[in-house]
Amino acid sequence: MNDCTIVVNSCDAYEDLWLPFFTLLKRRWPDCPYPVLLNTESREFHLDGLDIRRAALQGVPASLSWSDRLRQTLKQVDTPFVLLLLDDFFLESPVDTERFAQCLAWMKNDAKLACFSFVPTIWPNVEDGKYPGFQRRPRRAAYTANCQAGLWRTKTLLKLLRRKENPWEFEEYATIRANHTNLEFYAAAKDAPLIMDYDWRPGGAVHRGKWTRHVPQLLQEIGVPMDLSLRGPDTAPIAEYQEEN
C-alpha cells in the first residue's frame with residue numbers, strides 16, 4: 001500500500017482549473033506513484049495516466065463548509081500521509097521526486113513531525129540542521145498551519161481542523177492549535193530549491209477569483225486551450241501579493 005495520498009482541495013465552481021492543473025501534474029510528475037483524491041462537491045474528472053477519484057461526501061455537499069468537506073475527505077484517506085494541494089497550484093517545473101520521498105522517510109522515522117511545507121515563509125525560522133532544505137517553525141509563529149503545498153501527517157491535519165471554518169480561519173486558528181502541541185512543523189528554507197515549484201506568492205494561479213499574470217503563457221506552453229476571459233486577469237500589484245503572503 002502507498003504511504004501517501006494526494007488530496008486536491010477544490011470545488012465545482014473551480015472545475016475550469018482541473019484540466020490545466022492535472023495536465024501539469026501529469027507532465028511535471030510523470031513518475032508520481034500516489035493516488036489522487038479530489039475534494040469537490042459533485043463533479044467528476046478523469047485524465048489518462050492519473051489515478052483520480054472524487055471524495056464521497058455525505059449530506060448536502062454544497063452546504064458543507066470548507067473544513068467540513070476537507071474533514072470528510074481526509075476520513076476517506078487510508079494512508080498515514082497526505083500531500084495537500086489546492087486546485088490552482090499549477091506546477092511550473094518538474095517535481096523533485098527524490099526529495100519528496102526523503103521527506104516521507106523523515107516523517108516515518110519521527111513521530112513528532114507534523115508537516116513539511118514546501119514553500120518558504122517571510123518570517124524567521126529555526127535552522128536546526130535536522131532536515132536539509134527545511135527550517136523549523138518556532139513556537140507561536142504565524143501561519144504554522146497553512147494551505148500551501150505541504151506533506152502532512154493525516155491524523156494531525158484532521159485533529160487541527162474544526163467544523164465551519166473557511167481556509168483563512170483554518171490558517172489562523174489551526175496555527176494556534178498547532179502551537180499548543182509538541183509537534184514540529186517545517187517550511188522550505190529560503191535558499192533551498194523547491195520540491196514543488198508553482199507561483200506560490202500570490203497563492204497560486206488564481207488570486208481573488210482572477211487569473212494571475214503568468215497563467216496565459218503557462219497554458220500556452222502546455223497546449224491547454226482555455227477561455228481566459230471567463231475569469232479575467234488579476235490586476236493586483238506584486239507588492240500586494242507580498243503583503244498578503
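**Cores and compactness in a predicted model**

In this predicted model, the largest nonpolar core holds 51 residues, among which F22 and F116 touch the most other members.

Q: Which elements give two or more residues to this core?
A: The contributing elements are the strands β1 (4-9), β2 (36-39), β4 (81-86), β5 (113-117) and β8 (184-188), together with the helices α1 (18-28), α3 (97-109) and α6 (215-222).

Q: What does F22 touch, not counting residues up to four places away in sequence?
A: With contact taken as heavy atoms within 4.5 Å, F22 touches V8, V36, L38, F45, L47, L50 and I52.

Q: Which residues does the second, separate core include?
A: This second core has 22 residues, including L74, W152, L161 and F185, and its members are called a core because they are buried residues of nonpolar types joined through side-chain atoms within 4.5 Å.

Q: Why is the chain called as compact as a globular protein of its length?
A: The chain, which has 7 helices and 10 strands, has a radius of gyration of 17 Å, and the globule rule gives 18 Å for 245 residues; the two values are close, so the chain is as compact as a globular protein of that length. Along its principal axes the C-alpha trace spans about 45 × 40 × 35 Å.

Q: What makes a residue count as buried, and how many of the 245 residues, as a percentage, are buried?
A: A residue is buried if its relative accessible area is under 20%, and buried residues make up 53% of the 245 in the chain.

Technical notes: Residues numbered from 1 in each chain as written. Predicted model: local features only at pLDDT ≥ 70, side-chain atom pairs only at ≥ 80, totals over all residues. Heavy atoms only, no water. Helix = DSSP H or I, 4+ residues; strand = E, 2+ residues; numbered from the N terminus. Rg over C-alpha atoms; globule rule 2.2 N^0.38 Å. Buried < 20%, exposed > 50% of the residue type's maximum accessible area, 1.4 Å probe, protein only.
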